[in-house]
Amino acid sequence: GHLVYVNIAINMAAPCRSMSGAGTDPDFSATRSTTSFHKKSRSKFVSIPGTRPSVQNGQLIVSTGVTSLDYVIGGGLAVGTLLLIEEDKYDSYSRMLLKYFLAEGVVCGHSLFIASARDHPDEILQELPAPLLDDIANPKPEEGQTQGIDPEGPNSMKIAWRYQNLPKVQTALASSSRFGHYYDVSKPMDPAMRETAKCNTFFLPNELPFQSSTETSRVNIGYTKLLRSIQGVIRREGFDGASLQNKPRSILRIGVHSLGSALWGDDICCEENPHYLYSLTTFLYGLRALLRASLSVCLVTVPSHLIQNKAIMGRVTKLCDTVIGLESFRGSERETNPLYKDYHGLLHVKQIPHLNCLMCEVPDTKDLAFKLKRKQFAIERLHLPPDLSDTVSRLSKQDLAESAKLLRLGCGATATGKKHLDF
């Protein structure tokens with residue numbers, strides 16, 4: 001019995017001795033060194049100032065200049081895409097977003113291309129807001145706001161028990177990581193800083209011939225010249241990747257103001273069946289082709305409220321990647337409505353692109369409003385105050401009930417028809 005046990009032990013120990021001795025065999029060590037395993041290294045993103053990869057889809061993105069707008073559209077504007085801003089009726093806030101977009105390019109060292117048919121691009125460049133060097137991501141409480149109020153004090157307002165456990169409404173829109181810069185709209189940018197930016201301009205009255213053309217083309221000549229000018233800048237400056245070996249990489253920011261208006265020679269804002277029916281859409285086809293094949297990003301403002309044929313506006317929307325609509329309260333009944341006294345207009349997110357994914361990043365709420373503070377343009381969640389006064393007009397109560405159905409926030413779900421909010 002002992003002899004069998006010893007034989008078994010010797011047989012089991014033999015492979016171990018052969019494996020341990022194989023380490024000294026030069027042929028075996030050479031075989032081990034020529035393994036096919038290679039450590040997988042991380043893919044390096046393109047390092048361009050003012051850009052970063054998106055956390056949702058890995059696409060290279062830039063900031064629009066408004067941090068709250070970056071949050072709404074999924075973190076920023078992807079390189080190679082087109083952002084469409086539907087202008088408000090007086091073209092005040094859409095023009096401001098265009099200036100924010102261009103100012104962010106100046107601060108990040110990007111190249112600019114400004115096209116306009118009404119105001120000269122140099123005038124738009126002189127109106128860019130000044131950047132704020134200090135961090136104002138956490139603004140101080142405004143004057144007049146009381147601090148240190150005890151929620152359990154005798155004079156504090158108490159609400160119904162069924163609403164006490166509801167989450168508080170967070171009106172400010174901000175991401176966990178800061179991206180972009182802040183600007184002071186009350187001060188213009190320093191001329192020395194503006195001069196550091198490389199800017200190309202396109203002013204339509206200077207590009208058109210003095211004599212009117214007798215051609216009966218279906219394509220607007222202004223759009224044709226603009227598209228050729230953008231193509232020339234992309235090729236000449238090397239944004240198409242042809243001559244990036246000798247130059248540092250940068251981004252071309254293209255800003256087109258009030259495209260489709262009558263000043264561009266287009267008649268889609270004047271007639272329901274215009275002569276240039278497909279002129280704007282043809283231009284957008286060519287523009288998107290240039291953007292996709294270059295390190296460039298474009299922001300276009302369009303007076304959608306003036307376009308007579310809504311089918312044209314529908315095609316324009318489909319040809320753009322991101323579409324944002326601005327509805328200003330100026331000149332409307334909501335301007336004097338006490339329910340909207342804290343806001344200057346509504347912001348509608350109409351389209352967000354699907355980039356490298358099946359689903360796009362949509363904001364958690366669709367009820368967004370914007371307001372122009374003393375120094376900042378901000379986008380917040382629309383949060384209506386409760387109706388606690390007996391002197392509120394019948395019209396205000398009706399708007400409050402309708403807005404409550406849109407918000408669908410806790411107590412707003414109980415508002416039906418034209419009834420009051422149940423507090």
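User: In this predicted model, which residue in β13 is the bridge partner of L346?

Analyst: Start with the strands: β12 covers residues 345-351, and its pairing with β13 is antiparallel, over three bridges. Look across from L346 into β13 and the bridge partner you land on is A369.

User: How many residues of β13 are buried?

Analyst: Buried here means under 20% relative accessible area. Strand β13 takes in residues 368-372 and is mostly covered. Of its five residues, the buried ones number four.

User: What about the other neighbour: which residue in β14 stands opposite L372?

Analyst: β13 and β14 run antiparallel and are joined by five bridges. The two strands form a hairpin, with four residues between them. Facing L372 from the β14 side is F377.

User: Zooming out, which strands are the edge strands of the open sheet?

Analyst: The sheet has nine strands with mixed pairing, in the order β8-β5-β9-β10-β4-β11-β12-β13-β14. An edge strand pairs on one side only. That description fits β8 (199-203) and β14 (377-381).

User: And by how many degrees are neighbouring strands of this sheet turned against each other on average?

Analyst: Strands of a sheet pair through backbone hydrogen bonds, either parallel or antiparallel. For this angle, though, direction is ignored. On average, neighbouring strands of the sheet are turned against each other by 20°.

User: Do β9 and β10 pair in the parallel or antiparallel sense, and what stands opposite G255?

Analyst: Strand β9 spans residues 252-256 and strand β10 spans residues 296-302. Their five bridges are in the parallel sense. On the β10 side, the residue opposite G255 is L299.

User: Which helix lies across β4, β9 and β10, and at about what angle to β10 does it run?

Analyst: The strands in question include β4, which covers 82-86. Lying across all three is helix α9, made of residues 279-292. Relative to β10, helix α9 runs at about 155°.

User: How much space lies in the largest cavity?

Analyst: Rolling a probe the size of a water molecule over the atoms shows where empty space is left. With a cut-off of 30 Å³ or more, the count comes to one cavity. The space in the largest cavity is about 190 Å³.

User: What lines the largest cavity, and how do those residues divide into nonpolar, polar and charged?

Analyst: The lining has 21 residues, and those nearest the cavity's centre are N57, I73, G74, G76 and L355. Glycine counts as polar in this sorting. The lining then divides into 10 nonpolar, 10 polar and one charged.

Technical notes
Residues are numbered from 1 along each chain as its sequence is written. This is a predicted model: local features need pLDDT of at least 70, side-chain atom pairs count only at pLDDT 80 or more; totals for chains, interfaces and linings use all residues. Side-chain values use heavy atoms; hydrogens and water are left out. Two strands pair if DSSP finds at least two bridges between them. Axes are lines fitted to C-alpha atoms, for helices over the stretch in contact, and angles run from 0 to 180 degrees between N-to-C directions. Contact means heavy atoms within 4.5 Å. Buried means under 20% relative accessible area, exposed over 50%, partly exposed in between (1.4 Å probe, protein chains only). On a 1 Å grid over the protein atoms alone, a cavity is a set of points where a 1.4 Å probe fits but cannot get out, and a pocket is an open set with protein on both sides within 12 Å along at least five of seven lines; lining residues have an atom within 4 Å of a point. Grid points are joined across faces, edges and corners, and a volume is the space filled by probe spheres set on the points.
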